[in-house]
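Please open the structure in a viewer and keep the sequence panel visible. The tour below proceeds by selection, from the whole chain to a single site and its surroundings.

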Amino acid sequence: MSDQVHEANLLIVDDLPENLLALGALLEAPDLNLYKAESAEQALELLLRHEFALAILDVQMPGMNGFQLAELMRSTERTKQIPIVFVSAAGREMNYAFKGYETGAVDFLQKPLDPFAVRSKVAVFVDLYRSRKRLALQLEALERGRREQEVLLAELRSTQVELEQAVRLRDDFMSIVSHEVKTPLNTLILEIQLRKLQLARNNLGAFDVDGLNTMVERDERQIRSLIRLVDDMLDVSRIRTGKLSIQVAPVDLARLVPGVARNFAPQMKLHGCELTIESPESLEGIWDEFRIEQVLANLLTNAMRYGAGKPVHLRAGPAEGGVLIDVEDQGMGISPANLQRIFYQFERGEGSEGTAGLGLGLYIADQIVRAHGGRIEVRSEEGKGTRFSVWLPLETGGRGDAQVMPS
């Protein structure tokens with residue numbers, strides 16, 4: 001154990017200096033610190049400053065006597081557990097021993113003192129004190145160990161939950177990927193098998209100009225779908241490692257927004273959604289044009305999937321310190337609980353079972369917007385639609401390359 005267990009403090013109180021000197025010489029030991037007081041008042045001052053294994057009090061002192069000092073010690077929380085031994089030169093007829101035990105003393109010594117008896121009694125109480133201190137330290141160490149074990153157990157449980165979530169996420173991801181990849185591949189395989197069948201039957205009429213155009217458009221849609229899935233997975237990997245770069249340059253959103261809308265018009269029509277746009281004649285800033293187009297595409301894709309075949313409105317305009325882009329649909333909306341997690345990886349909205357996608361579009365869009373120093377906000381009401389608002393500063397970190405750091 002530490003030195004604080006081996007050492008012990010002993011308080012000696014006597015109004016006669018020669019008695020203090022004699023008793024101190026009798027009890028002097030290497031691991032025993034002796035504190036001497038010539039009055040009860042001095043003793044109280046020492047009791048407030050130090051912890052004692054034993055107090056040896058002279059009964060007859062001027063002013064406050066030993067019994068009164070003992071009563072004060074017993075009434076104070078800090079000192080009430082200190083063993084007290086009374087010393088007196090008065091005759092036994094004074095019945096001091098009985099009064100001493102009444103005040104809580106553990107022993108009463110009669111002067112002249114027997115050196116062997118005094119040393120033995122003091123040794124017993126000092127050993128008891130050291131045993132209590134040792135036990136207290138052991139209990140403290142056990143309690144500290146228990147708390148550390150509880151913290152470790154909590155950390156292990158948290159790690160286990162995280163690992164289980166990671167495994168579920170991996171399994172869900174693999175399930176979604178396999179489904180999303182197989183869907184366009186199966187369509188392509190069926191198209192190829194159908195053409196092989198037509199060729200085997202020498203039915204070249206199935207390959208007229210209109211038929212070929214239709215086939216090529218279908219093939220192109222499926223291939224683009226596969227490319228989009230692969231690009232999304234690559235972007236997530238780059239975001240996690242901080243390697244998704246943005247290359248900023250002057251961009252006119254008033255030109256970019258209508259271009260994206262034109263590209264999405266056929267898909268919107270296929271889903272029964274009317275796409276309208278609202279944009280000023282000029283809306284210039286310093287951004288990564290390709291990445292901002294990617295953000296718009298992801299938001300429009302989301303609106304198309306969950307817009308329930310109702311109109312989708314794309315709006316861009318100036319805002320305080322930057323520009324604001326709104327994509328608003330009138331579809332199924334998002335529940336308050338889901339609003340908190342729609343920007344997480346692999347999160348797909350309720351009712352998405354029949355829709356394509358890995359649940360990465362909003363996550364990637366959010367990360368790209370953050371990389372530009374902007375933000376995405378969403379407002380939604382179940383059954384009444386959703387509006388995503390993208391705010392971008394007019395300039396993103398000057399011109400050149402920047403890295404998208406993982407959030």
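A residue counts as buried when its relative accessible area is under 20%, and as exposed when that value is over 50%. The model shown is predicted.

Begin with the whole chain. Its secondary structure comprises 11 helices and 13 strands, and 40% of its 407 residues count as buried. The accessible surface amounts to about 23200 Å², with 54% of it belonging to carbon and sulfur atoms. Of the contacts between residues at least 6 apart in sequence, 70% join residues at least 24 apart.

Next, select the open sheet of 5 strands, whose order is β2-β1-β3-β4-β5 with parallel pairing. The edges are occupied by β2 (32-37) and β5 (107-110); each has a single partner strand, so one side of each lacks a neighbour in the sheet. On average, neighbouring strands here are turned by 20° against each other, direction ignored. Then add helix α3 (residues 40-49), which packs on this sheet and touches β1 (8-13) and β2. The direction of α3 makes about 145° with that of β2.

Now centre on β3 (residues 54-58). This strand runs parallel to β4 (residues 84-88), joined to β4 by 4 bridges. Within this pair, L57 stands opposite F86.

Finally, select D58, which lies in β3. An unreviewed UniProt entry places the feature "modified residue: 4-aspartylphosphate" at this position. Is D58 buried or exposed? D58 counts as buried because its relative accessibility is 5%. Leaving aside residues up to four places away in sequence, display its contacts: V13, D14, D15, G66, V87, S88 and K111.

Technical notes:
Residues numbered from 1 in each chain as written. Predicted model: local features only at pLDDT ≥ 70, side-chain atom pairs only at ≥ 80, totals over all residues. Heavy atoms only, no water. UniProt positions renumbered as here; feature names shortened; annotations may be inferred. Helix = DSSP H or I, 4+ residues; strand = E, 2+ residues; numbered from the N terminus. Buried < 20%, exposed > 50% of the residue type's maximum accessible area, 1.4 Å probe, protein only. Contact = heavy atoms within 4.5 Å. Areas by Shrake-Rupley, 256 points an atom, 1.4 Å probe, with all protein chains shown as cover. Pairing = 2+ DSSP bridges. Axes fitted to C-alpha atoms, helices over the stretch in contact; angles between N-to-C directions.
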